[in-house]
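Open the model in your viewer and keep the selection box at hand. We will go from stop to stop, picking residues and helices as we go.

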Amino acid sequence: MKITEALKTLENAWSREDVLIKIKKGEESEKIINDFLNTNKQEIETLTNFINLEDKILLGEIENLSKIESKLINKIKNYNFTKNDSSIKEKVQESFLKHEPKNLFNLGLFMMKWSNKFVFISLLVISAIALTKQAWI
């Protein structure tokens, strides 16, 4: 199997929307991951055959970036106004409730689309690096 076919198959198989539905239904994250790994075993093996040490370092950096983004999302989600800012909090909540949903920025949708594209582009870059190295050898 070619690396491009494996990447396309993996991209199509991993849907953040489907994962969110599974989470809402109560599935554990480990089960979701294991199911994905079992279903796409051949494609993942193909992908891992093209990953070298430098690519693993890059994947580690991407993993750290994802952890930082997760912490940022958590802090934003749990952000508390101070007592002095309670009136500001009420104003923000009132203005939020008054606006129609059509005019609001959908952060969840933005993160889902942006994150998928970032991971996919990162995988493409890694595979391009690996293929280039093979071509020079």
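Select Ala128. You have landed in helix 7, which covers residues 107-136. This is a predicted model, so treat every value here as computed from predicted atoms. Is Ala128 buried, exposed or partly exposed? Its relative accessible area is 39%, so Ala128 is partly exposed. The cut-offs explain the label: buried means under 20%, exposed means over 50%, and partly exposed is in between.

Now add Phe50 to the selection. Ala128 and Phe50 are 78 residues apart along the chain. Their C-alpha atoms are separated by 9.6 Å.

**Stay in helix 7**

Move to Phe118, which also has its place in helix 7. Phe118 has a relative accessibility of 29%, so it counts as partly exposed. Which residues does Phe118 contact, leaving aside its neighbours within four places in sequence? Select Ile62 and Leu65 to see them. Draw a distance line from the C-alpha atom of Phe118 to that of Ile62. It should read 9.5 Å, for two residues 56 positions apart along the chain.

**Cross to helix 5**

Select residues 53-77, which form helix 5, and find Asp55 there. Asp55 has a relative accessible area of 2%, so it is buried. What does Asp55 touch, not counting residues up to four places away in sequence? Show Phe50, Ile126, Ile129 and Ala130. Take Ala130 from that list and look at the backbone. Asp55 and Ala130 are 75 residues apart in sequence, yet 8.1 Å apart in space, C-alpha to C-alpha.

**On to helix 4**

Select residues 41-49 for helix 4. Thr48 lies in this helix. With 43% relative accessibility, Thr48 counts as partly exposed. Add Ser127, which is 79 residues away from Thr48 along the chain. The C-alpha atoms of Thr48 and Ser127 are separated by 9.9 Å.

Next, colour the buried residues of helix 4: Glu43, Ile44, Thr46 and Leu47. Turn the view to look down the axis. These residues cover an arc of only 160°, which puts them on the same side of helix 4. Which residues are exposed on the other side of helix 4? Pick Lys41 and Asn49.

**Where two helices meet**

Keep helix 4 and add helix 3, residues 29-39. Two packed helices are described by the angle between their axes and the distance between the axes. Here the axes come within 5 Å and cross at roughly 80°. Helix 3 and helix 4 are therefore roughly perpendicular to each other.

Now show the side chains at the meeting place. From helix 3, select Phe36, Leu37, Asn38 and Thr39. From helix 4, select Lys41, Glu43 and Ile44, which they meet. Colour this contact by class. You should find three nonpolar, two polar and two charged residues.

**Back to the start of the chain**

Select residues 3-13 for helix 1. Which residues of helix 1 are buried? Mark Ile3, Ala6, Leu7 and Leu10. Look down the axis of helix 1: its buried residues fall within an arc of 100°, so they line one face of the helix. An α-helix has 3.6 residues a turn, so residues three or four places apart point the same way. Then rotate to the face turned away from the buried side. Lys8 and Asn12 are the exposed residues there.

**Zoom out**

Show the whole chain as a cartoon. How many helices and strands are there? Count seven helices and zero strands. Along the sequence the pattern reads α-α-α-α-α-α-α.

Switch on the surface. The accessible surface of the chain comes to about 11,200 Å². Carbon and sulfur atoms hold 59% of that surface. Of the 137 residues, 18% count as buried.

Finish with the contacts. Take those in the chain with a separation of 6 or more: 79% of them join residues 24 or more positions apart. Asp55 with Ala130 was one such pair on this tour, at 75 residues apart.

Conventions. Residues are numbered from 1 along each chain as its sequence is written. This is a predicted model: local features need pLDDT of at least 70, side-chain atom pairs count only at pLDDT 80 or more; totals for chains, interfaces and linings use all residues. Side-chain values use heavy atoms; hydrogens and water are left out. Buried means under 20% relative accessible area, exposed over 50%, partly exposed in between (1.4 Å probe, protein chains only). Helices (H or I, at least four residues) and strands (E, at least two) are DSSP runs, numbered from the N terminus. The arc is that of the directions from the helix axis to the C-beta atoms. Axes are lines fitted to C-alpha atoms, for helices over the stretch in contact, and angles run from 0 to 180 degrees between N-to-C directions. Angles under 35 degrees count as roughly parallel, over 145 as roughly antiparallel, 65 to 115 as roughly perpendicular and the rest as oblique. Contact means heavy atoms within 4.5 Å. Ala, Val, Leu, Ile, Met, Phe, Trp, Tyr, Cys and Pro count as nonpolar, Asp, Glu, Lys and Arg as charged, and the others, Gly among them, as polar. Accessible areas come from the Shrake-Rupley method with a 1.4 Å probe; for residues, only the protein chains shown count as cover.
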